[in-house]
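Student: I would like a close look at a single part of this model. Please take one helix and work outwards from there.

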Amino acid sequence: MNKIYFIRNQKVMLDKDLAELYQVSTGRLNEQVKRNMDRFPPDFMFQLREDEFNDLISQIAISSWGGRRTLPYAFTEHGVLMLSSVLSSETAIKANIQIMRIYTKMREFLMSNQEILVKLEQIERKVGDHDESIQAIFKYLKQLLIPAEQVNRQRIGFKRAGEKD
């Protein structure tokens, strides 16, 4: 899971990390991709821009990127699936199955968190609608807690003869 990054609002894996998982060189992986470019539309794979690559390096704070001559490719979940048809070794197939399981777990985790967020928003809306009413109730309850001697209230009831207000 630590090899999945969030770039351009998508969960992606980089060519270097995929090559490591598939036990091939990054050059070999990219060579196979370039030979089959029609299988990798922009929603399956894209090349990082210079600023994205620099941000990524600073985020993960590692220097193992080496002296790349080209910017890395980022593969979406669908792109990772397509790689299994381009790299058909037994290792690639096993690695691909593992990656798909991780993507599935991530999706389930995000969905469960989303359900919790929806519930919280529903509760917030319910409480938000009653906010003024709840505050008014507390205001009146506080007034009832003040001792009668401290409150300047007009007395109500019958007056005896000669009694003032």
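What covers the buried residues of α2?

Tutor: This is a predicted model. The cover over the buried residues of α2 includes α1, β3, β4 and α4. The helix itself comes before its surroundings. Helix α2 spans residues 26-35, and its buried residues are Leu 29, Asn 30, Gln 32 and Val 33. These residues cover an arc of only 155 degrees around the axis, which puts them on the same side of α2. The spacing has a general background: an α-helix has 3.6 residues a turn, so residues three or four places apart point the same way.

Among the covering elements, α1 can be described through its packing against α2. The two axes come within 8 Å and cross at roughly 105 degrees, which makes α1 roughly perpendicular to α2. On the α1 side the contact is made by Asp 15, Lys 16, Leu 18, Ala 19 and Tyr 22, and on the α2 side by Thr 26, Leu 29 and Asn 30. By class, the residues of this contact are four nonpolar, two polar and two charged. Leu 29 and Asn 30 thus appear both among the buried residues of α2 and in the contact with α1. The loop between α1 and α2 holds Gln 23, a residue with a positive phi of about 55 degrees although it is not a glycine. Gln 23 is exposed, at a relative accessible area of 63%.

Next come the strands. Both β3 and β4 belong to an open sheet of four strands, ordered β1-β2-β4-β3 with antiparallel pairing. Strands β1 (4-7) and β3 (45-47) are at the edges with a single partner strand each, so one side of each has no neighbour in the sheet. Neighbouring strands are turned against each other by 45 degrees on average, direction ignored. Strand β4 (residues 73-75) runs antiparallel to β3 and is joined to it by three bridges; in one pairing, Gln 47 has Tyr 73 in β4 as its bridge partner. Helix α1 also packs on this sheet, where it touches β1, β2 (10-14) and β4, and its direction makes about 60 degrees with that of β2.

That leaves α4 (residues 77-86), whose buried residues are Glu 77, Gly 79, Val 80, Leu 83 and Val 86. Seen down the axis of α4, they fall within an arc of 165 degrees, so they line one face of the helix.

Definitions and conventions
Residues numbered from 1 in each chain as written. Predicted model: local features only at pLDDT ≥ 70, side-chain atom pairs only at ≥ 80, totals over all residues. Heavy atoms only, no water. Buried < 20%, exposed > 50% of the residue type's maximum accessible area, 1.4 Å probe, protein only. Helix = DSSP H or I, 4+ residues; strand = E, 2+ residues; numbered from the N terminus. Arc of directions from axis to C-beta. Pairing = 2+ DSSP bridges. Axes fitted to C-alpha atoms, helices over the stretch in contact; angles between N-to-C directions. Contact = heavy atoms within 4.5 Å. Parallel < 35°, antiparallel > 145°, perpendicular 65-115°, else oblique. Nonpolar A, V, L, I, M, F, W, Y, C, P; charged D, E, K, R; others polar.
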